[in-house]
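Me: I'd like to learn how to read a protein model, one feature at a time. Can you walk me through this one?

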Amino acid sequence: MSSWPQRRGGVGLFIAQGIVLDDGQRTPARLRDRAAVLMALLATEGPRHRQAVAALLWPDSPAPLARNNLRTLVHRLVRRHGEPLFSEGEMLALNQNVVQVHHETANELAERVVLLGADRCTLLPDVSLDVVEQTDSWLSSARTRHREAQLRLLTGAMAQAERLGNHPRWVALACAKVLLDQTSEAAYRELMQAHLANGDRGAALATYERCRATLSEALGVTPERQTQELHVQILKSMRCAEPCDTMSSPEDA
């Protein structure tokens, strides 16, 4: 797990790792189900009215019971860490003087995606609630926003790597982006270009073939003209790079 700057009495909240609370002293607590949803909700969307949070987590329960369930959940988390994790009052929020949310870097994300796969790098991958339509709807939307943010993070880091001429890092980031967005032709083209900049035409061609096969299997389509033109450009550059035997055979004396 990535480290976070230690602060006396502080608690680190790692959203990218599936919601982990770490006080730096005890064994980090990997939260599940409603506890994980609660922390992710407050960390990603900020303060929410307690009644709205209770209704989201227990939509099938009467309002008083839902509020009591939320109160119990909050108290359990506070007891577990011995810290005032939440604000007081009707607006429920993370106590910013205590809870430090860890924001994943592009390099950390790329390493996790390659190591664990895209499915394990979604928001709250281990959350398993009963069939609660309202909560599932929020979680689905939150996962979409989280994935979009991950792609923006990688895109920005890729642009920086390209500007700095750090081609291996560009390739690593582009590989992660393809894994996160496997039907995006733009992502495949970026990876092809990264491989070319890194001097690996073979890897660029292999990326095109992977793109073509994925699109055919997943969407039943062929690559766009722009992708095909880049493929042809790579093939031409490879042919031009091949040594040509232009020497004539010596004449017999």
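Reply: We'll go from confidence to the overall build, then to the sheet, the helices and a few backbone angles. Keep in mind that this is a predicted model.

Me: Then what is the mean pLDDT of the chain, and where does pLDDT stay under 50?

Reply: The mean is 87, and 88% of the residues reach 70 or more. Residues 4-8 stay under 50, though the model still gives that stretch 15 contacts beyond four places in sequence. Over residues 244-253 the pLDDT is also below 50, and here the model has 0 contacts beyond near neighbours in sequence.

Me: How many helices and strands does the chain have?

Reply: There are 9 helices and 6 strands. Of the 253 residues in the chain, 42% are buried. Look at contacts too: among those with a separation of 6 or more, 53% link residues 24 or more positions apart. As for the outside, the chain exposes about 14200 Å², with carbon and sulfur atoms supplying 49% of that area.

Me: In what order do the strands of the open sheet come?

Reply: The order is 3-2-1-6, so to speak, reading across 4 strands with mixed pairing. Strand 3 and strand 6 (99-102) are at the edges with a single partner strand each, so one side of each has no neighbour in the sheet.

Me: How does strand 1 pair with strand 6 and with strand 2?

Reply: Strand 1 (residues 11-14) runs parallel to strand 6, joined by 4 bridges. Within that pairing, Leu 13 is partnered with Val 101 and Phe 14 with His 102. Strand 1 and strand 2 run antiparallel, with 3 bridges between them; Gly 12 has Asp 22 as its bridge partner there. These two strands make a hairpin with 5 residues in between, and Gly 18 in the turn has a positive phi of about 95°.

Me: Which way do the residues of strand 1 point?

Reply: Val 11 and Leu 13 point one way, while Gly 12 and Phe 14 point the other way. All of them are buried.

Me: On to helices. What should I look for?

Reply: Start with the general idea: an α-helix has 3.6 residues a turn, so residues three or four places apart point the same way. Now try helix 3 (residues 63-81). Its 19 residues should span 27 Å at 1.5 Å a residue, and the end C-alpha atoms are 28 Å apart, which agrees.

Me: Which residues of helix 3 are buried, and which are exposed?

Reply: Ala 66, Arg 67, Leu 70, Leu 73, Val 74, Leu 77 and His 81 are buried. They sit on the same side of helix 3, because they cover an arc of only 125° around the axis. Pro 64 and Arg 79, on the other side, are exposed. The cover over the buried residues includes strand 2 (20-22), strand 3 (29-30), helix 1 (33-45), helix 2 (50-57) and strand 5 (91-92).

Me: What about helix 1: how far apart are its end C-alpha atoms?

Reply: They are 18 Å apart, which agrees with the 18 Å expected for 13 residues at 1.5 Å a residue. Buried residues in helix 1 run through Ala 35, Ala 36, Val 37, Leu 38, Met 39, Ala 40, Leu 41 and Leu 42.

Me: Could you show me one buried residue up close?

Reply: Take Leu 173, in helix 6 (residues 167-180). Its relative accessibility is 1%, so Leu 173 counts as buried. Leaving out residues up to four places away in sequence, Leu 173 touches Ala 106, Asn 107, Ala 110, Leu 154, Ala 157, Met 158 and Ala 161.

Me: Last topic: how do I read phi?

Reply: Most residues other than glycine have a negative phi. Positive values are therefore worth picking out in residues that are not glycine.

Me: Where do Asp 33 and Leu 124 sit, and are they buried or exposed?

Reply: Asp 33, in helix 1, has a positive phi of about 50° although it is not a glycine. Asp 33 is partly exposed, at 27% relative accessible area. Leu 124 lies in the loop between helix 4 (106-116) and helix 5 (133-164), with phi near 50°. At 1% relative accessibility, Leu 124 counts as buried.

Me: And which glycines come right after helix 1 and helix 3?

Reply: Gly 46 comes just after helix 1, with a positive phi of about 80°. Gly 82 follows helix 3, and its phi is positive too, near 65°.

Terms used:
Residues are numbered from 1 along each chain as its sequence is written. This is a predicted model: local features need pLDDT of at least 70, side-chain atom pairs count only at pLDDT 80 or more; totals for chains, interfaces and linings use all residues. Side-chain values use heavy atoms; hydrogens and water are left out. The expected span of a helix is 1.5 Å times one less than its number of residues. Buried means under 20% relative accessible area, exposed over 50%, partly exposed in between (1.4 Å probe, protein chains only). The arc is that of the directions from the helix axis to the C-beta atoms. Contact means heavy atoms within 4.5 Å. Accessible areas come from the Shrake-Rupley method with a 1.4 Å probe; for residues, only the protein chains shown count as cover. pLDDT is the predictor's confidence in each residue, from 0 to 100. Two strands pair if DSSP finds at least two bridges between them.
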